Amino acid sequence: MTYRIAPLFCRPWTLNGISPRLIESHYEHIYGAAVRRLNALCEEIKALDPKSTRPQVIGRLHQEKAALLNATLLHELYFASLGGDGHALPHSMASAIARDFGSVVRWRDEFVALAEALSGAAGWVILTYVPRDGRLINHGAADAGASMAGGIPILALDMYEHAYALEYGPNATAYIAAFMRNIDWSAVDARYQDAVAMRPPRALAQPEFGDLPSIAPEELRERLKAGEKLQVIDVLPRHYSARAQDIVDGAVWRDPERIDEWIGSLAKDEPVVTFCVYGVHIGCQVAGTLRQAGFDARYMTGGHFAWKAIKGPVRLVE
Ligand SMILES: [Fe+2]
């Protein structure tokens with residue numbers, strides 16, 4: 001595809017301490033060059049035969065293309081971040097920031113510190129919404145590798161020298177302060193509203209166990225650590241269990257094929273947690289059967305390997 005230049009997203013004459021001259025130069029010479037080089041690179045890639053070109057060449061061109069596309073997108077976001085008074089945060093934005101950073105002041109201190117860390121170097125400071133976690137994060141990044149996978153950036157500060165040297169020389173601190181007092185929070189809030197409408201990544205589809213209650217391994221670990229009485233049952237299939245070297249500490253192994261033989265030994269008044277190898281099939285089935293029999297049973301998501309991945313305590317199998 002051919003990338004088109006986007007019009008400026010802010011009104012340069014309204015900015016306070018960032019002159020139209022600086023924005024014009026940035027827009028024409030840096031942003032414009034990124035879009036032009038991006039298009040030239042796309043043409044170059046299109047003209048190559050992927051089968052006969054050295055993989056290293058393809059790899060380098062794609063890496064460059066990704067960096068230029070990131071630079072293009074982030075410059076557009078940078079210009080769109082400017083044009084406000086830097087202070088009037090809409091209520092929804094202020095409460096989202098307070099939820100994820102403790103307070104707006106704390107967020108601001110962290111964002112500015114990240115920017116200061118790039119003074120004399122180069123890069124971006126970005127406020128990103130991550131749908132997977134339903135929360136905002138600050139992060140720094142270079143053009144190459146600026147994106148947070150699955151995240152939606154809603155505010156960006158350009159810390160490359162070309163963004164300020166013309167006006168501020170090497171005084172990055174003064175430039176950061178100027179950026180902060182020009183943030184258009186209404187626009188950031190609008191992008192935040194668009195971002196929260198994004199759904200988190202989909203989990204593995206298990207319609208047959210859709211409404212079965214579960215527990216995350218981290219929560220199980222905390223509850224066991226707190227001394228809560230739980231019946232934790234490892235229902236790894238026999239062939240799998242036979243070669244397992246360790247078992248979740250505090251769990252007992254029971255053969256999922258012989259549930260009728262051991263169900264009678266469970267205490268009715270104590271919650272049950274079951275799990276299998278990956279937490280997707282047998283652990284769910286057994287939890288479902290136990291629920292039908294009147295137990296307060298749930299399965300542990302991710303199973304044996306998720307427990308290992310969080311370094312949950314295990315004991316060796318004799
Ligand atoms: Fe820039």
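Buried, on this tour, means under 20% relative accessible area. The model is predicted.

**Stop 1: Asp158**

Select aspartate 158. Its relative accessible area is 0%, so Asp158 is buried by that cut-off. Keep Asp158 on screen and bring up the metal.

**Stop 2: the iron ion**

Show the iron ion with its donors: His26 through NE2, His75 through NE2, Asp158 through OD and His162 through NE2. The coordination distances run from 1.8 to 2.1 Å. What geometry do the four donor atoms give the site? Tetrahedral, with angles of 92 to 131 degrees among them. For four tetrahedral donors the ideal angle at a metal is 109.5 degrees.

Now colour the donors along the chain. They follow the spacing H-x48-H-x82-D-x3-H. One pair links distant parts of the chain: histidine 75 sits in helix 2 and aspartate 158 in strand 3, 83 residues apart. Is histidine 75 buried or exposed? Histidine 75 counts as buried, at 2% relative accessibility.

**Stop 3: helix 2 on the strands**

From His75, extend the selection to residues 55-81, which is helix 2. Helix 2 lies across strand 1 and strand 3. Sight along strand 3: helix 2 runs at about 80 degrees to that strand.

**Stop 4: the sheet**

Hide the helix and select the three strands. They form an open sheet in the order 2-1-3, with antiparallel pairing. Strand 2 (135-141) and strand 3 (152-158) are the edges, each pairing on one side only. From one strand to the next, the twist averages 20 degrees.

Zoom in on strand 1, residues 124-130. How many bridges join strand 1 to strand 2? Seven, and the two strands run antiparallel. Pick tyrosine 129 as a marker; leucine 136 in strand 2 stands opposite. To follow the pairing, switch on the backbone: strands of a sheet pair through backbone hydrogen bonds.

**Stop 5: the cysteines**

Finish with the sulfurs. How many disulfides does the structure hold? Zero. Select cysteine 276 and cysteine 284 to see why one candidate fails. A disulfide needs two cysteine sulfur atoms within 2.5 Å. The closest cysteine sulfur to that of cysteine 276 is in cysteine 284, 6.1 Å away, so the gap is too far for a bond.

Check the surroundings as well. Cysteine 276 counts as buried at 4% relative accessibility. Last, jump to cysteine 10: its relative accessible area is 8%, and this residue is buried too.

Terms used: Residues numbered from 1 in each chain as written. Predicted model: local features only at pLDDT ≥ 70, side-chain atom pairs only at ≥ 80, totals over all residues. Heavy atoms only, no water. Pairing = 2+ DSSP bridges. Helix = DSSP H or I, 4+ residues; strand = E, 2+ residues; numbered from the N terminus. Axes fitted to C-alpha atoms, helices over the stretch in contact; angles between N-to-C directions. Contact = heavy atoms within 4.5 Å. Buried < 20%, exposed > 50% of the residue type's maximum accessible area, 1.4 Å probe, protein only. Donors = N, O, S within 2.8 Å, 3.2 Å for Na, K, Ca; no water. Tetrahedral: all angles 85-135°; square planar, octahedral: opposite > 155°, others 65-115°.
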